[in-house]
Amino acid sequence: MNTFTSACAGLAILAGCAGAAWAQDDTIKIGVLHSLSGTMAISETTLKDTVLMMVDQQNAKGGVLGKKIEAVVVDPASDWPLFAEKARELISVNGVDAIFGCWTSVSRKSVLPVIEELNGLLFYPVQYEGEESSKNVIYTGAAPNQQAIPAVDYMMEELGVEKWALLGTDYVYPRTTNNILDAYLKGKGVAAGDIFVNYTPFGHSDWSKIVADVVALGADGKKVGVVSTINGDANIGFYKELAAAGVSADDIPVMAFSVGEEELAGLDTANLVGHLAAWNYFESADTPENKAFIEGWHRFTGDDKRVTNDPMEATMIGFNAWVAAVEKAGSTDTDKVLDAIVGVEVPNLTGGTAKVLPNHHLTKPVLIGEIREDGQFDIVSQTPEVPGDAWTDFLPESAKLDSDWPGKQCGMWNTETNACVQVKSNY
């Protein structure tokens, strides 16, 4: 700003500077913080394109507050510390008013201190482990009670699963989710010896021993099920090894929390038919809203074969909620937008409505889908909208916590002591 002011000091260039200032004031910038390279590019590149589509569509409607929206795209390259650097750059250098980004929880955890320090605004579009509620984040993906818990209930009640293999990538989301599921399963009477937990690094490729261990789990004749929190391109090797081992969905059903249409597009799905995924949206949802979204996506990308998926819907919901809150507030100021966004309702793509809750989570339906040969899902179960719970009821230290930003200005309100407690680390 100082450089601009000094450059405009001379009367001879006053008219030119006035024009530059008008052009700058006529644009609202948002940041796009998704990996376009590295192990997570397989999932995140599509979300970058989704934000650009939403910006394009909103600008065609006249933008927001009478101004055009400009997307500033950066590539944190699946490098978790780089996410924090890029977030700081987006806010401090590029001057964005909101950031749409992150996929893994470790990337979100990296960004969180920066967003809070600079009073930025992050819309996080992917299912996650919960156990968090930041003033500066709107969580548009599923919390565990909107994905993990209902998925396990389905496997137990509909498929008769008795023994559990909890397989995840080694970072905060799988570990915390599996801690919650471990406690939940034991509360349901599952013995500790009937729960097998394994973690592998990002990009892990040799799945032969792990798949063999899972198969061996059913040697006593009990029905085994896999709950997968494997992320990124490691899924390719995992499903290939399942097929190579002759494991079908009838033998050992896999319920995935991070595999959707985008990931299946790169796999031979012939041997995966019947395996499952739990999300809040599938491309196969038969609604007018979804049909219009898919048509808009194909038109924007120029590719009728580009699939849609759950984090895309969450991105769309987050973007539309931000637009609604900005227009309601009459400003892009973070605090004013946050005051306005709680209670905002926008349509989802499955025929219902997403409402932003006081804990900065959303209401979302829970869908279970079976993989089809064409890489799409048959929706076999769908619930009404479920309010997202920031703090799980199945871990004792979390069950007593509540989150209420507009009311108590607290993300960790202890309902026993009636006090706001300090933020804890989830690492």
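**Exercise 1. Lys 48 and its partner**

Task: Decide whether Lys 48 is buried or exposed, and find which side chain meets the side chain of Lys 48 in a salt bridge.

Solution. Start with the accessibility: Lys 48 has a relative accessibility of 17% and therefore counts as buried (under 20% relative accessible area; exposed is over 50%, partly exposed lies in between, with a 1.4 Å probe and protein chains only). A note before going on: this is a predicted model, in which local features need pLDDT of at least 70 and side-chain atom pairs count only at pLDDT 80 or more, while totals for chains, interfaces and linings use all residues. Residues are numbered from 1 along each chain as its sequence is written, and side-chain values use heavy atoms, leaving out hydrogens and water.

Next, look for the partner. The side chain of Lys 48 meets that of Asp 49 in a salt bridge, 2.8 Å from N to O; the term stands for a side-chain nitrogen of Lys or Arg within 4 Å of a carboxyl oxygen of Asp or Glu. Asp 49 is also buried, at 12% relative accessibility.

**Exercise 2. More salt bridges**

Task: How many salt bridges does the structure hold, and which parts of the chain does the pair of Lys 222 and Asp 194 tie together?

Solution. The count is 17 salt bridges. One of them joins Arg 175 to Asp 170, with the closest N and O atoms 2.7 Å apart. Arg 175 is partly exposed at 38% relative accessibility, and Asp 170 is partly exposed at 40%.

Now take Lys 222 and Asp 194, whose side chains meet at 3.2 Å, N to O. Lys 222 sits in the loop between helix H8 (208–217) and strand S8 (224–229), and Asp 194 in the loop between helix H7 (172–187) and strand S7 (195–200), so the pair ties together parts that are 28 residues apart in sequence. Helices (H or I, at least four residues) and strands (E, at least two) are DSSP runs, numbered from the N terminus. Lys 222 is partly exposed at 33% relative accessibility, whereas Asp 194 is buried at 12%. Elsewhere, shared partners join Arg 108, Lys 109, Glu 129 and Glu 132 into one salt-bridge network.

**Exercise 3. Following strand S1**

Task: Find which strands pair with S1, and in which sense.

Solution. First, check the cover: 5 of the 7 residues of S1 (residues 27–33) are buried. Then count bridges, remembering that two strands pair if DSSP finds at least two bridges between them. S1 runs parallel to strand S2 (residues 68–74), joined by 7 bridges, and Ile 30 has Ala 71 in S2 as its bridge partner. The route from S1 to S2 passes through helix H3 (residues 41–60), and this β-α-β crossover is right-handed: with the strands pointing away from the viewer, the path from the first strand over the helix to the second runs clockwise. Finally, S1 pairs with strand S3 (residues 98–101) in the parallel sense over 4 bridges, with Gly 31 opposite Ile 99.

**Exercise 4. The setting of Ser 107**

Task: Where does Ser 107 lie, and which residues does Ser 107 touch?

Solution. Ser 107 belongs to helix H5 (residues 105–117). At 0% relative accessibility, Ser 107 is buried. Leaving aside residues up to four places away in sequence, Ser 107 touches Trp 80, Phe 83 and Cys 102, where contact means heavy atoms within 4.5 Å. Closer along the chain, a polar atom of the Ser 107 side chain lies 2.6 Å from the backbone oxygen of Thr 104.

**Exercise 5. Aromatic pairs**

Task: How many aromatic pairs does a search of the whole structure find, and what parts does the pair of Phe 100 and Trp 322 tie together?

Solution. The search finds 14 aromatic pairs. Rings of Phe, Tyr and Trp (its six-membered ring) pair if their centres lie within 6.5 Å; planes under 30 degrees apart count as stacked, over 60 as edge-to-face and the rest as tilted. Phe 100 and Trp 322 are edge-to-face, at 6.2 Å centre to centre and 85° between the planes. Since Phe 100 lies in strand S3 and Trp 322 in helix H12 (residues 310–329), the pair ties together parts 222 residues apart in sequence. Phe 100 and Trp 322 are both buried.

To finish, look again at two contacts of Ser 107, Trp 80 and Phe 83: they form one aromatic cluster with Tyr 171, Tyr 173 and Phe 202.

Methods
A polar contact is a pair of N or O atoms within 3.5 Å; within protein, one must be able to donate a hydrogen and the other to accept it, and residues adjacent in sequence count only if both atoms are side-chain atoms.
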